[in-house]
Structure formats: C-alpha cells, structure tokens
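Colleague: I am new to this structure and would like to learn how to read it feature by feature. Could you show me the general idea each time, and then the case at hand?

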There are 2 protein chains.
Amino acid sequence: MTSGSDSEIVFRTQLQPRDEERVERIVTSTKKFNDGEVAIAVELVVERRSKGDASGYHFVFGDSGSETLGYACFGPIPATQSSYDLYWIAVDAGLQRRGLGRRLIAEVEASIARLGGTRIYVDTSSREDYAPTRAFYRGMGYIVEAELESFYAPGDGKVVFCKVLGN
Amino acid sequence: MTSGSDSEIVFRTQLQPRDEERVERIVTSTKKFNDGEVAIAVELVVERRSKGDASGYHFVFGDSGSETLGYACFGPIPATQSSYDLYWIAVDAGLQRRGLGRRLIAEVEASIARLGGTRIYVDTSSREDYAPTRAFYRGMGYIVEAELESFYAPGDGKVVFCKVLGN
C-alpha cells in the first residue's frame with residue numbers, strides 16, 4: 001500500500017476517547033477559525049458524547065490507522081421534517097487537496113439519506129478567502145439558495161448552500 | 001384606568017420563578033406550535049435560568065399586574081460580530097391584535113441596540129397560514145432577505161426577515 005493513498009482511509013461514525021483532541025487539532029490546523037469557533041467545534045463532540053443522538057450532532061471521522069485526518073459534523077434541523085445542517089467539515093491542513101473532503105461529504109450525504117433526510121444545508125462566508133470553500137461545495141452539487149449580506153460582519157455575508165438528496 | 005389598555009403593560013427582562021409555566025401557556029395558546037416546539041420554547045427559559053447571559057438567550061416579558069401576556073426571546077448569533085436572532089415572539093391568544101406584539105418587538109430592538117447589535121434576523125414559514133405573521137414583520141420594518149424553498153417540509157419554506165438597526 002502507498003502511504004497517503006485515499007484507499008487507506010476508514011470512515012467511522014462512533015466516537016473514540018480522544019476525538020475532542022483530534023477535532024481541536026484538525027480545526028486549529030486549518031487556521032480558518034478563531035479560538036471561540038474551535039471551542040464550539042470541540043463542544044459539539046462533548047455534547048455528542050454525553051447525549052448521543054439526542055444531542056442533535058452526528059459525526060463522520062476519516063481515519064488512517066490510529067490517526068484522524070478529517071471529520072464532519074451534521075444533524076437534523078429542529079422543527080423541520082427532513083432538513084439537515086452540515087455544521088462542520090475540516091481536513092488536517094497538511095492533507096488538503098487530496099480528496100478527503102469530497103469523501104467526507106459523500107459519507108455525510110449517505111448517512112443523512114439513511115436517516116431519512118432529504119435536504120442538506122451548509123453555511124459559509126461570502127468573503128474572498130472563502131472562494132475555494134464555495135467552489136468545493138459547488139463541485140459537490142450544492143447550489144446557492146440564499147445570501148445574507150453582512151451577516152457575520154460588515155462586508156462578510158453568509159452564503160447558504162443546499163443540496164436536495166435523491167435528485 | 002381601563003382594563004386591557006396597553007398603557008398597563010410593564011416590560012421586564014429578568015426572569016421570575018413561574019416563567020416556564022407562563023411561556024408554556026402563552027405558546028400553547030397560539031395553537032401554532034406542536035408539543036416539541038412548545039418544549040423547545042420552555043427549554044430556552046430553563047437555559048436562561050441556569051446559565052444567564054452565557055445561555056445566549058435573552059427575554060422580554062410583557063406583564064399586566066401578576067399576569068404575563070406575551071414574551072419574546074432573542075440572542076446573539078454565534079460567530080457573528082453583531083447579528084441577533086429573534087427566536088420567539090408570542091402573545092396570549094386572547095390578547096392578540098391589540099398591539100402587544102408590536103410593543104414587544106420594539107422592546108427587543110431597543111435591547112439589542114443596547115447590547116451593540118446591528119442586525120436582527122427572524123425566520124418564519126412561507127405557508128399561507130403564516131401570511132399575518134409575515135405582514136406583521138413587514139409592518140415593523142423587516143425585509144425579506146432570503147427564502148429557502150421546502151426548508152421546513154415539502155411546500156413549507158423558510159422566509160428570513162432582517163432589520164438593520166439604526167437605519
């Protein structure tokens with residue numbers, strides 16, 4: 001087997017003991033999130049661990065051996081029939097552009113379909129430095145459903161992508 | 001003083017011991033929310049009581065004597081600089097169309113301005129039976145910023161209203 005080959009990645013949805021540290025390390029490595037945002041990412045793992053499905057947070061981790069290289073967090077949107085939010089998706093900064101993000105999204109979509117979900121929403125920023133992120137979602141079949149001007153901060157809008165499953 | 005006059009309403013932001021019951025009664029009386037949604041409304045009071053500002057939930061209650069006639073719940077949107085969500089606003093079903101909703105919204109806007117907020121978002125349904133709700137927000141100066149088709153359920157979209165404060 002070739003080191004770093006995609007074929008070595010194993011996906012799992014069950015938490016392991018050190019996932020809080022792993023999530024903190026992965027999210028921090030991207031340099032895209034401030035301390036408060038990193039804390040929120042870790043908190044969602046803590047919630048999942050203490051409350052299970054009732055937390056509203058589901059995870060997919062991509063592991064290579066004992067290392068976790070990326071993960072995604074998603075869940076049903078309260079008060080909706082079958083809409084889901086993709087809350088987080090992050091890949092270790094040293095491993096980006098190798099297709100792990102695409103495979104994580106595909107795993108998330110399969111999980112949501114199994115759970116009976118029909119629509120997936122994901123929010124991102126309208127800022128120029130998020131252009132690669134927006135291109136990534138477009139490439140995965142997500143379409144821009146809404147843009148909220150200056151939502152995050154003046155000049156930093158929220159772009160809402162949506163993918164309808166089974167289409 | 002005339003019984004039922006608006007001038008008798010006293011607004012407060014501090015919780016009182018029986019607010020969980022009051023919120024449950026008010027939200028239930030509107031007949032617009034299912035049991036799960038009523039439970040969420042009550043849970044936000046519980047969160048506020050146990051965590052204070054750290055809960056992310058702020059309240060305005062409109063009281064007449066020892067009775068609470070309506071309330072609103074709002075809070076800062078995580079990861080935004082100064083955007084707020086109006087999560088709930090409900091008036092006792094027997095007291096609607098007397099202007100309490102408008103006065104509650106005005107109190108919420110004043111509170112958010114004091115907290116440094118600049119934008120207020122509120123979500124509602126695109127369904128025909130929510131036309132009065134949408135007209136209410138329009139009348140208060142909120143504009144439709146986005147519409148997410150079939151967000152809540154097939155044929156039941158989410159309409160996102162926004163008001164920029166200080167404009």
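Modeller: Gladly, and we should begin with what a helix is here: helices are DSSP runs of H or I with at least four residues, numbered from the N terminus. Please keep in mind throughout that this is a predicted model. With that in hand, we can place a residue such as B:Arg48, which is found in helix α2 of chain B.

Colleague: Is B:Arg48 buried or exposed?

Modeller: The general idea is to count neighbours, and a residue is called buried if 20 or more other C-beta atoms lie within 10 Å of its own. B:Arg48 has 20 other C-beta atoms within 10 Å, and is therefore buried.

Colleague: Which residues does B:Arg48 touch, not counting those up to four places away in sequence?

Modeller: B:Arg48 touches B:Leu15, B:Ser55, B:Tyr57 and B:Phe59 when those sequence neighbours are set aside. Of these partners, B:Leu15 is 33 residues apart from B:Arg48 along the chain, while the C-alpha atoms of the two are separated by 8.3 Å.

Colleague: Where is B:Ile112, and how many C-beta neighbours does it have inside 10 Å?

Modeller: B:Ile112 has its place in helix α3 of chain B, which covers residues 100–114. Inside 10 Å there are 24 C-beta neighbours, so B:Ile112 counts as buried. Leaving aside neighbours within four places in sequence, B:Ile112 is in contact with B:Phe74, B:Tyr84, B:Gly117, B:Ile120 and B:Leu165. Sequence and space can also be set side by side for B:Ile112 and B:His58, which are 54 residues apart in sequence and 9.4 Å apart in space, C-alpha to C-alpha.

Colleague: How should I read two helices that pack against each other?

Modeller: Two packed helices are described by the angle between their axes and the distance between the axes. In chain B, the axes of helix α1 (residues 19–29) and helix α2 (residues 35–51) come within 9 Å and cross at roughly 155°. Angles over 145 degrees count as roughly antiparallel, and that crossing therefore makes α1(B) roughly antiparallel to α2(B). The crossing in which α1(B) passes α2(B) is right-handed.

Colleague: Which residues of α1(B) and α2(B) meet?

Modeller: From α1(B) come B:Asp19, B:Glu20, B:Val23, B:Glu24, B:Val27 and B:Thr28, and they meet B:Val38, B:Ala41, B:Val42, B:Val45 and B:Val46 in α2(B). Sorted by class, this contact of α1(B) with α2(B) has seven nonpolar, one polar and three charged residues.

Colleague: At roughly what angle do the axes of α1(A) and α2(A) cross?

Modeller: The axes of α1(A), residues 19–29, and α2(A) cross at roughly 155° and come within 9 Å, and the two helices are therefore roughly antiparallel to each other. Their crossing, that of α1(A) and α2(A), is right-handed.

Colleague: What can I learn from the loops, for instance from the phi of A:Lys31?

Modeller: Here one looks at the sign of phi together with the residue type, and for A:Lys31 phi is near 55°, a positive value in a residue other than glycine. A:Lys31 has its place in the loop between α1 and α2 of chain A, and with 7 C-beta neighbours inside 10 Å it counts as exposed. Another case is B:Ala79, a residue other than glycine whose phi has a positive value near 70°. B:Ala79 is found in the loop between β3 (67–76) and β4 (83–91) of chain B, and it counts as partly exposed, with 17 C-beta neighbours inside 10 Å.

Colleague: How are the two chains related?

Modeller: Two copies of a chain are related by a rotation about an axis and a shift along it. Chain A is superposed on chain B by a rotation of 180° with 0.0 Å of shift along its axis, at an RMSD of 0.0 Å. The two copies are thus related as by a two-fold rotation axis. In chain A, the C-alpha nearest that axis belongs to A:Ala146, 2.8 Å from it.

Colleague: How many residues does the contact take from chain A and from chain B?

Modeller: The contact takes 16 residues from chain A and 16 residues from chain B. On the side of chain A that touches chain B, α2 (35–51) and β6 (143–153) of chain A each supply at least two residues, and β6(A) gives the most, with seven residues. By class, the residues on that side of chain A divide into nine nonpolar, four polar and three charged. Finally, 100% of the interface residues of chain A are also interface residues in chain B, so the copies meet through the same surface.

Methods: Residues numbered from 1 in each chain as written. Chains lettered and ligands numbered in written order. Predicted model: local features only at pLDDT ≥ 70, side-chain atom pairs only at ≥ 80, totals over all residues. Contact = placed C-beta atoms within 7 Å. Nonpolar A, V, L, I, M, F, W, Y, C, P; charged D, E, K, R; others polar. Least-squares fit on C-alpha atoms with pLDDT ≥ 70 in both. Buried ≥ 20, exposed ≤ 12 C-beta atoms within 10 Å, placed from the backbone. Axes fitted to C-alpha atoms, helices over the stretch in contact; angles between N-to-C directions. Parallel < 35°, antiparallel > 145°, perpendicular 65-115°, else oblique. Left-handed = near helix turned anticlockwise from the far one by under 90°.
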